[in-house]
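Dear colleague,

Please find the structure below, handed over for your work. The findings follow directly after it.

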Amino acid sequence: ADSTVRRWHSPSALYPELYSLKEGFDGHQGAVLCGVLKPDASMLFTAGDDGMVRGWTLDDSISSESAEIGDACKLMMEGHDGRITGLCMLDHYLISVGIDQSVRVWDSNTGTLWKTIEDAHDSVIHDVDASPENDTFATCSSDGLGYIWSLETAELVGAIKGHSAEVSKIKWAALHSAWVTASEDSTLRMWHPNGEPLMKSDALRAQGRGIAGSEGEPILMKLETEGFSALAIQPESGAVIVGLSDSSVVVLDLAREVYLQVYKGHRDIVRSITCIPEKNQLVTAGWDHSIRVWTAVPQPKNRRPGQNRTVVQGSQELQEESGEPTKTFAEKNPPYEPVSLKNENGLARFGKVRPFVTPCVGLDSVLLKSTKPLTPVTQQSIERDVEPPTELTPQQKRDRAKQQSHMNWILKCIEEGNEEVLTKAKPKPQSKPANNTRGGQRKTAGGGGSQEAGEGRKSMIVQPEHSNPSMM
């Protein structure tokens with residue numbers, strides 16, 4: 001209620017969650033209660049407590065950072081006696097309603113008054129919305145009624161009757177070709193374009209679905225709330241979004257009378273809801289002086305009444321289970337353990353290993369998920385999954401130990417920064433012992449052997465004798 005209209009930069013690819021202030025428009029005297037964009041998004045119209053409609057140009061070449069009102073406020077429309085409670089656009093015409101019980105139609109290009117409907121209701125008019133398909137607009141009031149008007153003739157063409165208390169919100173649902181009303185009697189209803197009640201069977205048949213026993217039953221959903229503070233329609237799904245008295249925002253399927261989604265986070269009632277289908281987002285503004293942007297999660301098409309609904313709290317998503325406690329993320333996504341590639345001696349297995357990793361590509365990252373959940377792993381289970389290696393001969397074991405020793409020495413030189421030792425070290429050619437008998441071998445092994453044998457052992461550390469390539 002600071003009388004300021006603020007314009008925000010949309011998030012960029014570098015900062016997808018950052019909304020920064022672009023500019024502010026000052027000029028209203030009192031709270032700004034409603035606003036609407038022209039179809040070409042070249043101008044924003046706002047109104048509120050001062051009974052004035054102002055048109056702000058959104059052309060960056062015209063609107064500047066100057067603090068003077070005239071730089072951004074292009075049109076000012078006077079005529080209402082008191083607070084203006086609702087605005088809507090129909091073609092290039094701007095329609096406004098207020099507590100003076102009148103409806104005024106303006107030319108949005110020039111700001112001139114085109115038509116006026118005095119005493120349109122017997123009490124305060126709360127909201128207005130337009131149906132471009134039928135070239136009509138509808139108003140709702142504290143008198144508990146809704147009226148449908150022709151734009152061309154400004155005459156009454158239909159009436160909405162059925163609520164037992166004042167009707168606070170009204171919106172046109174293009175997907176259902178129906179009016180949606182929210183009343184202080186805690187009910188939501190849907191109506192035909194002429195104001196007749198819309199039946200469940202008609203709405204479900206249009207969606208290609210049906211529920212037994214819905215013939216002749218009007219669409220009516222009663223919620224546990226003291227009233228509705230905001231109302232919006234999702235353009236793509238036709239779902240109804242309302243703000244409740246407990247400061248939450250709920251998404252509903254009115255035809256089946258089921259909850260689809262709940263948003264919690266505002267600390268005071270929500271006064272405005274806007275859908276951004278291009279970004280799959282929902283924007284809400286409330287009396288807690290905050291604007292919140294939510295991800296509008298697509299809903300399953302064949303959801304049945306009584307099934308779970310998603311509760312979104314800030315950036316967290318919780319799942320309400322019917323009659324069961326809420327499960328944690330860890331309980332829904334148990335950890336996974338890969339099959340070990342080493343045996344009990346720490347040596348790598350050379351058999352064929354069953355694939356245990358499957359890539360699952362997400363929106364922002366790549367997840368690796370095992371094909372089986374975590375279970376107690378035993379040596380017997382590992383042996384079943386991995387083919388046993390072939391038995392190594394004594395010579396192969398000695399060769400492998402030599403190779404490992406040589407690699408350890410190379411790694412030690414690298415860690416200590418002695419790479420020059422690696423380049424200077426030249427292995428000496430190995431000579432086979434002259435005596436290949438067993439006695440000669442025992443003589444070399446025992447008593448330390450000759451100097452040549454010792455040099456031969458050193459040369460094997462620098463450059464071991466390669467074994468069969470298939471065993472490398």
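**Findings**

A nonpolar patch on the surface is formed by W8, L21 and I291, which together have about 310 Å² of accessible area. Patches are built from residues with over 30% relative accessible area and no salt bridge, joining like charges within 9 Å and nonpolar side chains (Val, Leu, Ile, Met, Phe, Trp, Tyr) within 5 Å. Accessible areas come from the Shrake-Rupley method with a 1.4 Å probe, and for residues only the protein chains shown count as cover.

Please note that this is a predicted model, in which local features need pLDDT of at least 70 and side-chain atom pairs count only at pLDDT 80 or more, while totals for chains, interfaces and linings use all residues. Residues are numbered from 1 along each chain as its sequence is written, and side-chain values use heavy atoms, with hydrogens and water left out.

Within the patch, L21 belongs to strand β2 (residues 20-26). Helices (H or I, at least four residues) and strands (E, at least two) are DSSP runs, numbered from the N terminus. L21 counts as partly exposed because its relative accessibility is 47%. In this scheme, buried means under 20% relative accessible area, exposed means over 50%, and partly exposed lies in between (1.4 Å probe, protein chains only).

**Salt bridges**

Side chains of opposite charge can pair when their charged atoms come close. The structure holds eight salt bridges, each defined as a side-chain nitrogen of Lys or Arg within 4 Å of a carboxyl oxygen of Asp or Glu.

One of the eight joins E23 to R7, with the closest N and O atoms 2.7 Å apart. This pair links distant parts of the chain, since E23 is in strand β2 and R7 in strand β1 (residues 4-9), 16 residues apart. E23 is buried, at a relative accessible area of 7%.

D2 and R6 form another salt bridge, where the closest N and O atoms are 2.9 Å apart. Here D2 is partly exposed at 44% relative accessibility, and R6 is likewise partly exposed at 40%.

A further salt bridge brings together the side chains of D253 and R256 (2.8 Å, N to O). D253 and R256 are both buried. In addition, K200, E217 and E257 are joined into one network by salt bridges that share partners.

**Aromatic pairs and cysteines**

A pair of aromatic rings is described by the distance of the centres and the angle of the planes. Five aromatic pairs were found in a search of the whole structure. Rings of Phe, Tyr and Trp (its six-membered ring) pair if their centres lie within 6.5 Å; planes under 30 degrees apart count as stacked, over 60 as edge-to-face and the rest as tilted.

The pair of Y93 and W114 is stacked because the ring centres are 4.3 Å apart and the planes lie at 20°. Y93 is in strand β8 (residues 93-98) and W114 in strand β10 (residues 113-117), so the pair ties together parts that are 21 residues apart in sequence. Y93 counts as buried at 15% relative accessibility, whereas W114 counts as partly exposed at 37%.

W114 has a second contact: the charged end of K115 sits over its ring, 4.2 Å from the ring centre. A charge sits over a ring if NZ of Lys or CZ of Arg is within 6 Å of the ring centre and within 35 degrees of the ring normal.

The search of the whole structure finds zero disulfides, a disulfide being a pair of cysteine sulfur atoms within 2.5 Å. Among the cysteines, C34 is buried at 12% relative accessibility, and C88 is buried with a relative accessible area of 2%.

**Backbone and separations**

S177 is not a glycine, yet has a positive phi of about 50°. S177 lies in the loop between β15 (167-173) and β16 (178-183) and is partly exposed, at 36% relative accessible area. N280, also a residue other than glycine, has a positive phi near 55°. N280 is placed in the loop between β23 (270-276) and β24 (281-286), and is partly exposed at 34%.

T274, in strand β23, is partly exposed at 40% relative accessibility. The C-alpha atoms of T274 and L231 are separated by 9.0 Å, with their positions 43 residues apart along the chain.

With kind regards
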